[in-house]
Amino acid sequence: RGIADKIESACNEIIKSKYFLWMALFVPLIIISIRYYEGSLFYGEAVHLTGRISIQLMMFTMFISPFLLMFPKSTIKSWLLLSRRYFGVASFSFAFIHTYFYLVRVSSLEATFMEGISFEYLSGWLAMVIFLILALTSNNYSVNHLGINWKKLHRFIYLASILSFIHWLLIAFDPYVGMLHLFIMSLFEIYRIAKVRTRLRH
């Protein structure tokens with residue numbers, strides 16, 4: 001039994017490790033990239049997958065606050081708060097590869113610009129710029145250096161999420177999956193806002 005306990009303890013430590021989390025988050029991105037360049041994944045599939053997973057990771061990052069408002073004594077509270085930054089960076093990484101696939105496919109600055117000024121693409125580019133800024137400041141140095149302004153800056157995730165969904169819904173062949181994701185996220189955000197307002201009144 002002592003050996004079994006040690007094995008269980010070691011497994012728990014591995015699972016809670018940030019390195020395990022990084023691997024879990026980035027291995028799918030590596031697999032998608034390899035399959036795309038091998039030709040077993042078509043351009044449309046690769047772009048759709050990377051874009052959708054980016055938004056799903058963004059949603060998970062945003063779900064943490066309302067989840068902890070629902071379950072303030074959750075046993076995974078510390079893990080969620082510590083890991084939120086990693087999910088945000090992973091979301092940006094998928095968005096970056098999503099954009100990279102697109103740019104390689106278009107392979108023309110003029111065509112990229114002409115498409116980029118249309119609202120369905122412009123919304124995606126604006127979201128990407130915000131993601132980039134948030135990813136670059138997702139570190140302890142930025143937290144300490146920016147102080148209270150760090151939280152204000154990272155509230156732009158809400159604007160980035162709106163722009164991301166606009167891009168998804170306008171560009172997708174089947175917007176209903178995007179609508180479902182937007183509906184789910186809206187429910188959590190409505191709950192979060194209502195809960196925060198209730199606390200402020202008291």
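Q: What counts as a positive or a negative charge in this predicted model?
A: Lys and Arg are taken as positive, and Asp and Glu as negative. On that basis the protein chain has 19 positive and 10 negative charges, and their mean positions are 18 Å apart.

Q: How many helices and strands does the protein chain have?
A: The protein chain has ten helices and zero strands. Read from the N terminus, its elements run α-α-α-α-α-α-α-α-α-α. The C-alpha trace spans about 60 × 50 × 40 Å along its principal axes.

Q: Why is Ser142 called buried?
A: A residue is buried when its relative accessible area is under 20%. Ser142 has a value of 8%, and is therefore buried. Ser142 is located in helix α7, residues 140-146. Beyond residues up to four places away in sequence, Ser142 touches Leu136, Thr137, Gly147 and Trp150.

Q: What makes Ser123 buried?
A: The relative accessibility of Ser123 is 0%, which is under the limit of 20%, so Ser123 counts as buried. Ser123 belongs to helix α6. With residues up to four places away in sequence set aside, Ser123 touches Leu163, Ile166 and His167.

Q: How do you know that the side chain of Ser123 makes a polar contact with the backbone oxygen of Glu120?
A: A polar contact requires a suitable pair of N or O atoms within 3.5 Å. A polar atom of the Ser123 side chain lies 3.1 Å from the backbone oxygen of Glu120, so the distance falls within that limit.

Q: Why is Leu187 called partly exposed?
A: Partly exposed applies between the buried class, under 20%, and the exposed class, over 50%. Leu187 stands at 47% and therefore counts as partly exposed. Leu187 lies in helix α10, residues 176-201. Its C-alpha atom is separated by 29 Å from that of Lys16, and the two residues are 171 residues apart along the chain.

Q: What makes Ser107 exposed?
A: Exposed means over 50% relative accessible area. Ser107 has 60% relative accessibility, so Ser107 counts as exposed. Ser107 is placed in the loop between α4 and α5.

Q: What is the phi of Ser107?
A: Phi of Ser107 is near 50°, a positive value in a residue other than glycine. Most residues other than glycine have a negative phi.

Q: What makes a set of residues a nonpolar core, and which residues have the most contacts inside the largest one?
A: The members must be buried residues of certain kinds, Met, Phe and Ile among them, joined through side-chain atoms within 4.5 Å. The largest nonpolar core has 19 residues, and those with the most contacts inside it are Ile55, Met58, Met59, Phe131, Ile157, Phe165 and Met185. At least two residues of this core come from each of α3 (43-70), α4 (77-106), α6 (119-136) and α9 (157-171). Helix α6 gives the most, with six residues. A second, separate core has 17 residues, including Tyr36, Leu41, Ala90 and Phe101.

Q: Which residues does Met185 contact, leaving aside its neighbours within four places in sequence?
A: Met185 is in contact with Met59, Met62, Phe63, Ser161 and Phe165. Contact here requires heavy atoms within 4.5 Å.

Q: What share of the protein chain is buried?
A: Of its 202 residues, 36% count as buried. The accessible surface comes to about 13,100 Å², and carbon and sulfur atoms hold 69% of that area.

Technical notes:
Residues numbered from 1 in each chain as written. Predicted model: local features only at pLDDT ≥ 70, side-chain atom pairs only at ≥ 80, totals over all residues. Heavy atoms only, no water. Helix = DSSP H or I, 4+ residues; strand = E, 2+ residues; numbered from the N terminus. Buried < 20%, exposed > 50% of the residue type's maximum accessible area, 1.4 Å probe, protein only. Areas by Shrake-Rupley, 256 points an atom, 1.4 Å probe, with all protein chains shown as cover. Charge placed at Lys NZ, Arg CZ, Asp CG, Glu CD. Polar contact = N/O pair within 3.5 Å; in protein donor to acceptor, adjacent residues only side chain to side chain.
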